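Colleague: I am new to reading structures, and I would love to learn how the labels people use are justified. Could we go through one together?

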Amino acid sequence: GVDEYSGVLSTVTQREVYGPDPGGELVYLRSSSRIQTLKLEQGRLSLLGESADLPGDYLLGTRFDGERAYVSTNRPNLSGDGILSVIDLSDPASPKVTGGLELSGQGSLFVPLGSERLLTLAQRYDSLTGSASLALQVVDVQDPAAPTLVDELALGSNAYSDATYDARALSIHADERTFALPLQNYDPVNTSSLEVLQLSDSGELSRLGSVVHDQGERNLLECLIYIGYPT
C-alpha cells in the first residue's frame, strides 16, 4: 500500500466512519479508503494531496504503477464481489479517481501488463458451503476512465493460491506472455499443483499445463508427526 515515484510517496489509507443513530448514539457506519500523496522535505513528511473517498467499503488490495494506482474495495452489502478503481496520480497534489469497474469476486493481487492491461486474481467465497472459488481476470485499462473486463479463467470451484496475498508466488515470463502460480485445489480431492498459463495478444487467458505435486498417502506414524502429536 505504499510506493515512491519521482520523489513522491503515495499510500492508501482506510478509516472507520462513525455517526449518530436515530437515538443519538454513536455507531459504526462504514469503512472508507483514500489515496494520499506525501513529500519528504528537510527530513519531514508533508501531505501533498488526498483523493476523495473511493467507492466501496473494505479495502481489499492496492497496486501502484507510476502515475496510476489500482485499488480494490468490497462492494457494500455484497461480501463476495469488489470494485476496481483506477486513480490518476499525474498531479500529486490532486489524486483523482478516473474510472471504476465492478468485478466478480474479491481481487487482492494486481499485476500491470504494460499500460494497457491489468491481471487480477480474484477469490469468491460461498457463505453457504464455506468454499472459495478462484479465477484469473484480465482488465483492459488503456482508457483509465472506462476499464473493461476482457477475459476470466476459472482455476477451481474450491481452490486457493498463495498468490492471493503474496505477489512473489506469481512468476511471469513477459516476453512470451507466460506465467505460473501455485494452486491448492480441494475439489474433488486435495491436490497441490503449479499452474502454467498464457495470455494471448487479444487478452484471452489459456491453460498451458500443470505440474502436480504427488504427496502420496501417509502412514499413521507420518500423520501423527505431520499434525504435531507425539509418536
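Colleague: Which side chains meet in a salt bridge with 3.0 Å from N to O?

Modeller: Those are the side chains of D166 and R168. Keep in mind as we go that this is a predicted model.

Colleague: What makes the pair of D166 and R168 a salt bridge?

Modeller: The rule asks for a side-chain nitrogen of Lys or Arg within 4 Å of a carboxyl oxygen of Asp or Glu. For D166 and R168 the value is 3.0 Å, N to O, so the pair fits the rule. By this rule the count comes to 9 salt bridges.

Colleague: Why is R168 called exposed?

Modeller: Exposed means over 50% relative accessible area. R168 has 74%, so R168 earns the word.

Colleague: How do you know that D201 forms a salt bridge with R177?

Modeller: The closest N and O atoms of D201 and R177 are 3.3 Å apart, and the cut-off is 4 Å, so this pair passes too. D201 lies in the loop between strand 16 and strand 17, and R177 in the loop between strand 14 and strand 15, so the salt bridge ties together parts that are 24 residues apart in sequence.

Colleague: What are D201 and R177 called, buried, exposed or partly exposed?

Modeller: D201 has 63% relative accessibility, so D201 counts as exposed. R177 has 34%, so R177 is partly exposed: the partly exposed class lies between the 20% and 50% limits.

Colleague: What makes the salt bridge of E102 and R75 a link between distant parts of the chain?

Modeller: E102 is in strand 8 and R75 in strand 6, 27 residues apart. Their side chains meet at 3.2 Å, N to O. At 53% relative accessible area, E102 is exposed, whereas R75, at 16%, counts as buried. Buried means under 20%, so R75 is placed in that class.

Colleague: Which residues are joined into one network by salt bridges that share partners?

Modeller: R15, R30, R34, E50 and D53.

Colleague: Now the strands. How do you know that strand 5 and strand 6 pair?

Modeller: Pairing needs at least two bridges between the strands. Strand 5 and strand 6 have 6 bridges, in the antiparallel sense, so they pair by that rule. One of the bridge partners is T73 in strand 6, matched with L59. In the hairpin of these strands there are 2 residues between them, and G66 takes a positive phi near 65°.

Colleague: Why are strand 1 and strand 4 called edge strands?

Modeller: They belong to an open sheet of 4 strands with the order 1-2-3-4 and antiparallel pairing. Strand 1 and strand 4 each pair on one side only. Neighbouring strands of this sheet are turned by 40° against each other on average, direction ignored. Strand 3 and strand 4 are joined by 6 bridges, and E50 in strand 4 is the bridge partner of Q36.

Colleague: What makes a group of residues the largest nonpolar core, and which of its members touch the most other members?

Modeller: The members are buried nonpolar residues joined through side-chain atoms within 4.5 Å. The largest such core has 19 residues, and L119, L121, L136, L155, F179 and L205 touch the most other members. Among the elements that give two or more residues to this core are strand 10, strand 11 and strand 12. A second, separate core of 9 residues includes V86, L101, L103 and L118.

Methods. Residues are numbered from 1 along each chain as its sequence is written. This is a predicted model: local features need pLDDT of at least 70, side-chain atom pairs count only at pLDDT 80 or more; totals for chains, interfaces and linings use all residues. Side-chain values use heavy atoms; hydrogens and water are left out. Buried means under 20% relative accessible area, exposed over 50%, partly exposed in between (1.4 Å probe, protein chains only). Axes are lines fitted to C-alpha atoms, for helices over the stretch in contact, and angles run from 0 to 180 degrees between N-to-C directions.
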